[in-house]
Amino acid sequence: MSISIKNEREIDLMRTAGQLLAKVHYELGRELKEGMTTKDIDRLGEEIIRSFGCIPNFLNYNGYPASICVSVNDEVVHGIPTDDRYLQNGDIVSLDAGLIYKGYHSDAARTHGVGEISQEAQRLIDVTKQSFFEGIKYAKPGNHLVDIARGIQTYAEAAGFSVVRDLTGHGIGTSLHEDPEIPNFVRRRRGAKLQKGMTLAIEPMINEGTYDVWWLEDDWTVVTRDGKLAAHYENTIAITDDGCEILTMLPEEK
Ligand code: MF3
Ligand code: CO
């Protein structure tokens with residue numbers, strides 16, 4: 001396993017890749033509404049990414065057929081957009097997107113409610129987002145990956161939710177997926193020691209019920225085993241001298 005360390009010039013390119021992606025999410029969040037299809041969201045996302053002169057990095061990745069992963073309700077991640085899946089009032093929708101800017105990748109996800117959603121669904125969305133922030137409190141040189149995972153898991157489970165085990169975050173840079181794997185739950189190994197210049201995609205996937213998931217026949221869409229809701233929140237971060245910088249958030253989002 002080898003984790004690439006980026007220099008200032010590379011971090012700067014990744015910062016731009018991240019800020020452009022944050023704009024994509026901002027636009028998608030504004031446009032998302034009842035009656036749209038999941039394919040509408042994908043088309044719009046791809047159009048915005050290309051309007052920035054960037055490349056959608058998910059498109060054709062291991063054969064994935066779209067630019068934006070759109071996962072509704074019990075779909076955890078990697079939902080495939082289609083022309084016949086209409087968003088309905090009360091749905092929750094996870095949008096996962098990424099792009100390449102001058103050879104550098106960014107990757108981020110947000111979960112939105114459509115129209116009026118249940119209190120429990122809103123709590124799941126909020127807890128998932130906050131679990132990311134609880135995790136990255138530990139993202140600094142000298143700590144280990146497990147410290148981030150513990151922060152995420154402790155918070156999500158205290159709220160009564162569960163952390164998906166079968167998928168993880170990952171290093172990111174000149175490839176979408178680089179070493180290391182970044183679980184959102186505590187494993188026996190403490191994982192790599194964090195160092196300045198590492199760039200990581202931290203992406204808690206949090207379920208309302210069991211953490212168990214399975215894959216649909218399309219071999220992409222991950223759904224909860226019990227059919228209850230799931231939410232996803234992700235940012236690309238860079239480890240700095242004394243903490244981390246979130247590359248895929250706009251200053252006004254923070
Ligand atoms: N953010 C996701 C990940 O890191 C999406 C990439 S999978 C793709 O795994 F195939 F859809 F690109
Ligand atoms: Co990712």
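I take a disulfide to be a pair of cysteine sulfur atoms within 2.5 Å.

**Ground rules.** I am working with a predicted model, where local features need pLDDT of at least 70, side-chain atom pairs count only at pLDDT 80 or more, and totals for chains, interfaces and linings use all residues. Residues are numbered from 1 along each chain as its sequence is written, chains are lettered from A and ligands numbered from 1 in the order in which they are written, and side-chain values use heavy atoms, with hydrogens and water left out.

**Cysteines.** I searched the whole structure and found zero disulfides. C69 is in none, and the nearest cysteine sulfur, that of C54, is 18 Å away. I then looked up exposure: C69 counts as buried (under 20% relative accessible area, with a 1.4 Å probe and protein chains only), because its relative accessible area is 4%. C244 has 25% relative accessibility, so I noted C244 as partly exposed (between 20% and the 50% above which a residue is exposed).

**Ligand 1.** Which residues come nearest to ligand 1? I listed D96, D107, H170, H177 and E203, out of 13 around the ligand; a residue is near if one of its heavy atoms lies within 4 Å. The shell has six nonpolar, three polar and four charged residues. Here Ala, Val, Leu, Ile, Met, Phe, Trp, Tyr, Cys and Pro are nonpolar, Asp, Glu, Lys and Arg are charged, and the others, Gly among them, are polar.

**Distances.** I found a polar side-chain atom of H177 2.9 Å from an oxygen atom of ligand 1. For E203, a polar side-chain atom lies 3.1 Å from a ligand oxygen atom.

Notes: Polar contact = N/O pair within 3.5 Å; in protein donor to acceptor, adjacent residues only side chain to side chain.
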